[in-house]
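Me: I'm fine at the bench but slow at reading structures. Could you walk me through this one, feature by feature?

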Amino acid sequence: MAKSINSSGTDTYVGTARSRVDGPAKVTGQAKYAGEFSAPDLAHGYVVSSGIARGRITALDTAAAEAVPGVIKVLTHENRPRTAWLDYNYQDMVAPPGSPFRALYDDKIQYSGQPVALVVAEDFDTARHAASLVKVAYEAEAPTTDLEAQRELAYEPPKKRSGIKPPPAPWGDAPGAFDAAPIKVSQDYRLAVEHHNPMEPHASTVVWEGDGKITVYDKIQGVVNTHGYIAAVFGMKKEDVRVLNPYLGGGFGSGLRPQYQLFLAVLAARALERSVRVVLTRDQMFTFGYRPDVLQTVSLGADASGGLRSIRHDAISGTSNFEDYQEVVVNWSGVLYDCDNVALSYKLAQLDTYTPSDMRAPGAVTGVMALEIAMDELAYETGQDPIALRLKNYSESDRTEGKPFSSKSLRACFAEGAERFGWSTRNPEPRSMRDGRELVGWGMATGIWESMMQQSSASATLTRDGKLTVGNATGDIGTGTYTILTQIAADTLGLRMEDVTTKLGDTDLAEAPLAGGSWTAASSGTAVMRACQDLAGQLFALARGLDDSPLANVDFDRAVFKDGHIGVAGDASRSIAITDVLRATGTETLEATGSAGPDAAHQKAFSPYTHSAVFVEVKIDEDLGVIRVTRVVSAIAAGKILNLKTARSQILGGVVMGIGSALEEESMLDHTLGRFMNHNLGEYHVPVNADIQDIDVIFVDEEDKANPMGVKGLGEIGIVGTAAAVANAVFHATGKRIRELPITIDKLLA
Amino acid sequence: MNRFDYVRPETVADAVKAVAGGNARFIAGGTNLVDLMKYNVEQPGRLVDITRLPLDAIAARDGGLSIGALVTNSTVAYDAQVKERYPLLASAILAGASGQLRNAATTGGNLNQRTRCYYFYDEATPCNKRLPGSGCPAIGGLNRIHAIFGTSPSCIATHPSDMCVGLAALDAVVRVAGPEGERTIPFAEYHRLPEDNPERDTTLKPGEIVLSVDLPDETFGPHHTYLKLRDRLSYAFALVSVAAVMTLDGDTIRSARFALGGVAHKPWRDREAEAFLAGKPATHETFAAAANIVVAAAQPQSENAFKVELTRRALVRGLSQAAAGTPQSQSDKRIA
């Protein structure tokens, strides 16, 4: 087991199951979200969206809207105030290469749903009504939104997206080895376009503070990105802009980039010199980023016993006409299995849509789905058990980078997951297991996600009453960050969780990165730990300096912070309460900061990844094709687990989303109109309670040294591989191999 | 959403007067109308709130049961008499929407809810039902969920209700009032096919209001079912649904009625197939033959040919459930 955070050698909170510290605020409505903050002079903006996907605006008639009592202003490209003109200024922290979308910039329409006007009124209902009166005339051109039709135009992105590894150079001779292999699997795979659909719609409330200052409540996964964007786009000084986002009603990546409602709210607030709120409708939530359509081909060549001789994984991803969005789709195929001949490619093709955006485990959900269905196909081709096949080709090092893994406990995931699931009793023959009228299918797949860390800082303030406040600017996007930081702080200083308050999501707090990539626990967790360790040092020095100090002549490395006291390891008689130290020294507050970032030497030496093994049981009505996912076991290797309860919730959410990806989620494009048509939660299906039955989560022991706490992150690994496991279970049940997800009744009946 | 006038009459006569002339709509639960107003699909100049009208009772009538137009879907589904005498209706209601929606939605409103066709709801696109003469992009577009029976070149939308499919199989009668007084409409004639006027969903005349839905004096014991197939296990509109009732003499079908949901602009009845079933043995072969009669009339679109086969299979299963007296549960998602 990884070592404790507490100096006694045993943690009180870290590693245990703890309820969310922000839970009561959320379930009682006290937690306020970006669209719920207000100001005395608040005006309301409502967005008018383009009905065409490509072309230009030929006329805008806003007279009827402006005539509605209560309407303050209708902003369009014809009357908007000037903003920055260089692309550079619009490129936020995670922008892909290209020319970022600018709302109300000119008459050009780049995608269906593009904002073409903002109606600002004294109240929301007036703004909404007036928006329906804005008349826009277009000169429409035929849009291109069908990726398959663009296949021949695919290109390698000339400029790589920061933080996204391009495919590694090929090694060995994958085509030759494939041709020579006695057993071959080569198939196309596709996952439908998905939208994030967080519960909370995107919203920005801009409070006009006077004297040129604004306070912005924004739906963003990290205020740092909004802060920089506003400063660059509107030419404002950062100190004149404060951004807050204390709570997020789900992000899943949709809140990584500042979205157009922020731009419009700030634009309007500055133009009117008053506070403005813009909230997007559920339909408008389908007018920006999404998980892209990707055409994939996976070709596996193997020897008769299943040993991989060749892996090829080729992907063509849709992107917009203005940015080269990139994610890691194919590299996983070179990391997960040990093969001497590997060739991976990743290209883009442009569509008349908005730019795709990172969506929970971006790239991995798509790429690992294809790879892990292909591996199941290979298991059948070679007559191998799917786990045995994966063990046979188990990678002991990351051959895409030529490095050992920082840790890889995937074998334990296979073993413990299979045991819990009862995998050994599986009859591998398709259609061999049934329960009444239902065919029973058992499938499994592997999941993988990179374990990342970002530069982060944190502050810690201890007051005379023994209460500790820690925090930084990162966001808790619903993952449990408030809770784990509270646990870490409490254990580092030996305090009770009730005596610790964590503050997040405010540019006035210590600098911290966006919440994404499953890096928050490692990054901000370590920063908080270090800030608290600094406080511990200060406290210890104060305590030792007291007259007749019980800690006299004790070295700091023997000090034990536990139960609100500073004690001495191995000497229970020597101890002093922290509050007594503060009182005796006349200290009102003690402050400290901590920072943490990736260890360059370690990064150079090791590849850090989380892994999982997902086991799924489906029951499918034989005649009607109705699929029920009756059991899932997800066994996770993710280093040290900080909070068993919030960690389990992360995996449950990932598995549910994976089931949705496998069976339900699909943003449907009408290629004639170039428009997503099922743009609401009635017609865009995500799983409902009836779709979800038993989900069992296992965390296998894994000691990792990628960061000081041994934490690898959990936000994404739960979804990766789940869709493939469902698809593989469907094959086992029915004998039908469906390679285009979601698997719906029509595909099963075909 | 536009600005509108709002009135709340206390009597049916006043309600009929209030809705006359101009662009007025009745509103009760509002579970569909308010959505449509938010999408600018409906832009009424006046809303006539009918929730104070005395139409909220379930009462005996002509040996059957009369369900007032304002009785909520939940109230109907959990009503002791309905559960006892018309369990098919209770089951059909519980197959639809969510608990929250059923608590607000009313019987009359359910009859008058509008299609869930993507294009109908999106004012950025053409739609003959929303804007007559503008075209139908669903034809040749996204039509996986659309109709396979009774379509026209102007519209391929389906009626979304589950309750109405049950009412169609039960041969209910709709009692309405209007400027010219009261009248009754057999359920099969209440909804219409799109033909050249897809903007009209029903045969209600201008200004008419639904007073009640009356169920005939019939019982089927356990020989009924509501089987709904959809893209997730709850809270989704039917791809295909089957409401069936049957009377049997031993293993022989005396009479059978069924209606299909999710496949047409109205709950779809097939009298020829129903007549075929009478006097036949209640076997898989009989049901398959009846299903073949039904699907012979199917005219699928570019994306929904699967509905033909799904209809065939769903009907065979639904009739089997009704014959066996093992109606589909709406809480146990395993199909009986």
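Reply: Sure, we'll go through helix packing, a few loops and the contact between the chains. Keep in mind that this is a predicted model.

Me: Let's start with packing. How do I describe two helices that touch?

Reply: Two packed helices are described by the angle between their axes and the distance between the axes. Try α16(A), residues 644–663, against α17(A), residues 722–734: their axes come within 7 Å and cross at roughly 50°.

Me: Are α16(A) and α17(A) then parallel or oblique to each other?

Reply: Oblique. Angles under 35 degrees count as roughly parallel and 65 to 115 as roughly perpendicular, so this pair is oblique. The crossing of α16(A) over α17(A) is right-handed.

Me: Which residues of α16(A) and α17(A) meet there?

Reply: From α16(A) you have Gly654(A), Val655(A), Gly658(A), Ile659(A), Ser661(A), Ala662(A) and Leu663(A); facing them in α17(A) are Thr722(A), Ala723(A), Val726(A) and Ala727(A). Sorted by type, that contact has 7 nonpolar residues, 4 polar and no charged.

Me: Is α16(A) itself buried or exposed overall?

Reply: Of its 20 residues, 16 are buried, so α16(A) is largely enclosed by the rest of the structure. End to end, the first and last C-alpha atoms of α16(A) are 28 Å apart, close to the 28 Å expected at 1.5 Å a residue.

Me: Does α17(A) have another partner I could practise on? What angle does α9(A) make with α17(A)?

Reply: Roughly 30°, with the axes of α9(A), residues 364–382, and α17(A) coming within 8 Å. That angle is why α9(A) and α17(A) count as roughly parallel to each other. The crossing of this pair is right-handed. On the α9(A) side the contact uses Val365(A), Val368(A), Met369(A), Glu372(A), Ile373(A) and Asp376(A), and on the α17(A) side Ala723(A), Ala724(A), Ala727(A), Asn728(A) and Phe731(A). By type, they are 8 nonpolar, 1 polar and 2 charged.

Me: Why do the contact residues in a helix seem to be spaced that way?

Reply: An α-helix has 3.6 residues a turn, so residues three or four places apart point the same way.

Me: Can we try a helix by its buried side? Which residues of α11(A) are buried?

Reply: Look for Leu410(A), Cys413(A), Phe414(A), Glu416(A), Gly417(A), Ala418(A) and Phe421(A). They pack against α10 and the strands β18, β26, β27 and β30 of chain A. For length, the 12 residues of α11(A) should span 16 Å, and the end C-alpha atoms are indeed 16 Å apart. Just after the helix comes Gly422(A), with a positive phi near 85°.

Me: Now loops. Is Ala361(A) buried or exposed?

Reply: Buried: Ala361(A) has 33 C-beta neighbours inside 10 Å, and 20 or more is the cut-off. You'll find Ala361(A) in the loop between β14 and α9 of chain A. Beyond its neighbours within four places in sequence, Ala361(A) contacts Trp449(A), Glu716(A), Ile719(A) and Val720(A). Ala361(A) and Gly516(A) are 155 residues apart along the chain, with 9.4 Å between their C-alpha atoms.

Me: What would an exposed loop residue look like?

Reply: Take Asp211(A), in the loop between β8 and β9 of chain A. Asp211(A) has 6 C-beta neighbours inside 10 Å, so it counts as exposed.

Me: And backbone oddities? Where is there a cis peptide bond?

Reply: Between Leu741(A) and Pro742(A), with omega near 5°. Pro742(A) sits in the loop between β31 and α18 of chain A. In chain B, check phi instead: Asn40(B) has a positive phi near 65° although it isn't glycine, and Asp62(B) has one near 50°. Asn40(B) is partly exposed, with 18 other C-beta atoms within 10 Å, whereas Asp62(B) is exposed, with 11.

Me: Last one: how many residues do the two chains bring to their contact?

Reply: The size of an interface is often given as the accessible area lost when the parts come together. Here we can count residues instead: 31 residues of chain B touch 31 of chain A. On the chain B side, α8 and α13 are the elements that give two or more residues, and α13(B) gives the most, with 6. That side of chain B divides into 15 nonpolar, 5 polar and 11 charged residues.

Conventions. Residues are numbered from 1 along each chain as its sequence is written. Chains are lettered from A and ligands numbered from 1 in the order in which they are written. This is a predicted model: local features need pLDDT of at least 70, side-chain atom pairs count only at pLDDT 80 or more; totals for chains, interfaces and linings use all residues. Axes are lines fitted to C-alpha atoms, for helices over the stretch in contact, and angles run from 0 to 180 degrees between N-to-C directions. Helices (H or I, at least four residues) and strands (E, at least two) are DSSP runs, numbered from the N terminus. Angles under 35 degrees count as roughly parallel, over 145 as roughly antiparallel, 65 to 115 as roughly perpendicular and the rest as oblique. A crossing is left-handed if the near helix is turned anticlockwise from the far one by less than a right angle, and right-handed if clockwise. Two residues are in contact if their C-beta atoms, placed from the backbone, lie within 7 Å. Ala, Val, Leu, Ile, Met, Phe, Trp, Tyr, Cys and Pro count as nonpolar, Asp, Glu, Lys and Arg as charged, and the others, Gly among them, as polar. The expected span of a helix is 1.5 Å times one less than its number of residues. A residue is buried if 20 or more other C-beta atoms lie within 10 Å of its own, exposed if 12 or fewer, and partly exposed in between; C-beta atoms are placed from the backbone.
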